[in-house]
Structure formats: structure tokens, C-alpha cells
Amino acid sequence: MDAKALKIEAARAALGYVESGMRLGIGTGSTAEEFVRLLAEKVAAGMKVIGVPTSERTAALCRELSVPLSTLDETPELDLTIDGADEIDPALSLVKGGGGALLREKIVAAASARMVVIADQTKLVDALGRFPLPIEVNPFGLKATEIAIAKAAAKLGLSGPLVLRKTGGETFVTDGGHFIIDASFGRIPDTRALSDALHAIPGVVEHGLFLGLATVAVIAGTDGVKTVHPTR
Ligand SMILES: O=C(CO)[C@H](O)[C@H](O)COP(=O)(O)O
């Protein structure tokens, strides 16, 4: 089974968590897009849901496939968010933001009673940090913020390249008008300490460590789909 087929299997299994009448947070990325396609089939067959998209990209796909949408302002409390991840550890702490939507993804997940993460087995790790950590920053004072990030990381024994994300040669700009610095710190032993240290930097808008948000992960592998609960 190829990577796309595994993503579809995870997305299909996650549909089992969706009930008619739910207010849904809808994630961003290639796995979340497979979920939107399957959800659209259910909606066409009569399932009643209202979705809050985590990016303009997801919103556009939902509109194209006639998945009813709301905004978080209109619908500030959600029953369930379904989203992908770049890394998932045994506690279901996540790295997210590879698709650049981490800020809205985190706001939507935090407004949801439950978050189901969907992924193929390659996203499972023993410890977070193999995937560069996306850090969303305000464009103002970019260099100062970068220096502050490096200093905060060094206090925790972390170091590595901080790379301003580019796309097609241009600086990548998030839906919120911010930039992303991808931080290759390697293994992050204390994710909570790094999260707190990054939040203390004024120019940091948000970061891609999702701690204590995911309630279950639906992981597709070559030997089938398994459900992973957090080991706390
Ligand atoms: O966090 C994300 C977007 O900001 C995505 O969920 C993450 O990058 C995983 O994407 P994919 O399903 O394409 O591997």
C-alpha cells in the first residue's frame, strides 16, 4: 500500500468518530484532505455536520466538495477536530505545521472537546524532534526573534539551524500574515519546557508543539489501522 492509500485508510477510520449533528474542526494537509473527500461523500448521503476549517486551503476544498462551513466566531465550541500531524509520540504530543497552518490548527483543536489525529505509521516517533519544529513568528523584528529563539533553545541544551520557510523562492506567509521559522533542534527531551520558553518570546506567535490536545490517533500501516491512546 502506498502512502496515499494509507492516508485514505486513516481518514476512513476517523469517519467512525463523526456523528450527524457534530460541529467539526477540519485540519490541513494531505491526510486531512483525504478526510474532507470522504466526509463530503457522507454529507452528500445526508450526514449533517458543520465544519470549521483550519486554513484557507481546507476551506476551499470544503467549498468545492459542498461540505457546510462555519467560522470559529460563529461556532466557537466544537465537538471534534480531525487533523493530521508531522510527528506523533507515545503521549500523543505532536509536531504540526509542516503545511503552515499550525496557528489556526491549534486554536481550532483547543476549541474542540476531542481531537483525533490521522496519519500513516511513518509519523510515529519515540521522541519529537526529527521533523523540524515550525515556529510561527511576526515579520516585525524577525532577526531579533530568531536570536531569542536560539538563546531560549540553548538554555534547554538545544541547538540547530533555524530556517525561514520559503516557497517558490519567496518567504512563505501563513493565513494569518506571519512567517515560519523551521527549527532543526533534533530530539526534544522536554517539550513542555521548550513550549513555555517559545511562548515567552514576544515575536513568537505560536509553535508547532501540540501538547495535551490529541485524544486519540488513528494510524494506518501496512498491517492495518490501529487506534493509539496517550500514555501519560
Ligand atoms: O500540521 C499540518 C499542517 O499545518 C499537517 O497536519 C501536517 O503537516 C501533516 O500533513 P500531511 O498529512 O500532508 O503529512
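Is A32 buried or exposed in this structure? In the predicted model described here, A32 is buried, its relative accessible area being 1%, and the residue is found in helix α2. Leaving aside neighbours within four places in sequence, A32 is in contact with G27, D83 and I118. A further spatial relation links A32 to A10, since the C-alpha atoms of these two residues are separated by 9.6 Å although they stand 22 residues apart along the chain.

The helix that holds A32 also takes part in two helix pairs, which are considered in turn. Two packed helices are described by the angle between their axes and the distance between the axes. For helix α1 (residues 3-14) and α2, the axes come within 8 Å and cross at roughly 55°. An angle of this size lies outside the ranges counted as roughly parallel (under 35 degrees), roughly perpendicular (65 to 115) and roughly antiparallel (over 145), and α1 and α2 are therefore oblique to each other. The crossing of this pair, α1 with α2, is right-handed. On the side of α1, the residues concerned are K4, K7, I8, A11 and R12, and they meet S30, T31, E34, F35 and L38 in α2. Sorted by class, the residues in the contact of α1 with α2 comprise 4 nonpolar, 2 polar and 4 charged.

The second pair joins helix α2 (residues 30-44) with helix α3 (residues 56-64), whose axes come within 10 Å and cross at roughly 20°. Because angles under 35 degrees count as roughly parallel, α2 and α3 are described as roughly parallel to each other. Here, too, the handedness can be stated, as α2 passes α3 in a right-handed crossing. The contact is made by S30, E33, V36 and R37 of α2 together with R57, T58, L61 and C62 of α3. The residues of the contact of α2 with α3 divide into 3 nonpolar, 2 polar and 3 charged. S30 of α2 appears in the contact with α1 and again in the contact with α3.

Attention then turns to residues in strands. V116 has its place in strand β6 (residues 112-120) and is buried, with a relative accessible area of 1%. Not counting residues up to four places away in sequence, V116 touches A14, Y17, L80, T81, I82, D83, T215, V216 and V218. Among these partners of V116 is D83, a residue that is also in contact with A32 of helix α2. Between V116 and G84, which are 32 residues apart in sequence, the C-alpha to C-alpha distance is 8.5 Å.

V225, found in strand β15 (residues 224-228), counts as partly exposed at 39% relative accessibility. When neighbours within four places in sequence are left aside, the contacts of V225 are with E9, A13, V218, I219 and A220; V218 is likewise among the residues touched by V116. Although V225 and Q121 are 104 residues apart in sequence, their C-alpha atoms are 9.1 Å apart in space.

A further buried position is H207, which lies in strand β12 (residues 204-207) and has 0% relative accessibility. As buried means under 20% relative accessible area, the value of 0% places H207 in that class. The side chain of H207 makes a polar contact of 2.9 Å with the side chain of S195. Beyond residues up to four places away in sequence, H207 touches L102, K106, P134, I135, S195, L198 and H199, so that S195 figures both in this set and in the polar contact.

Two loop residues have backbone torsions that call for comment. Most residues other than glycine have a negative phi. S66, by contrast, has a phi near 60°, a positive value in a residue other than glycine, and L92 has a positive phi of about 60° although it is not a glycine. S66 lies in the loop between α3 and β3 (78-83), whereas L92 lies in the loop between β4 (87-88) and β5 (94-95). With regard to accessibility, S66 is exposed, with a relative accessible area of 55%, while L92 is buried, with a relative accessible area of 1%.

Note on methods
Residues numbered from 1 in each chain as written. Predicted model: local features only at pLDDT ≥ 70, side-chain atom pairs only at ≥ 80, totals over all residues. Heavy atoms only, no water. Helix = DSSP H or I, 4+ residues; strand = E, 2+ residues; numbered from the N terminus. Buried < 20%, exposed > 50% of the residue type's maximum accessible area, 1.4 Å probe, protein only. Polar contact = N/O pair within 3.5 Å; in protein donor to acceptor, adjacent residues only side chain to side chain. Contact = heavy atoms within 4.5 Å. Axes fitted to C-alpha atoms, helices over the stretch in contact; angles between N-to-C directions. Left-handed = near helix turned anticlockwise from the far one by under 90°. Nonpolar A, V, L, I, M, F, W, Y, C, P; charged D, E, K, R; others polar.
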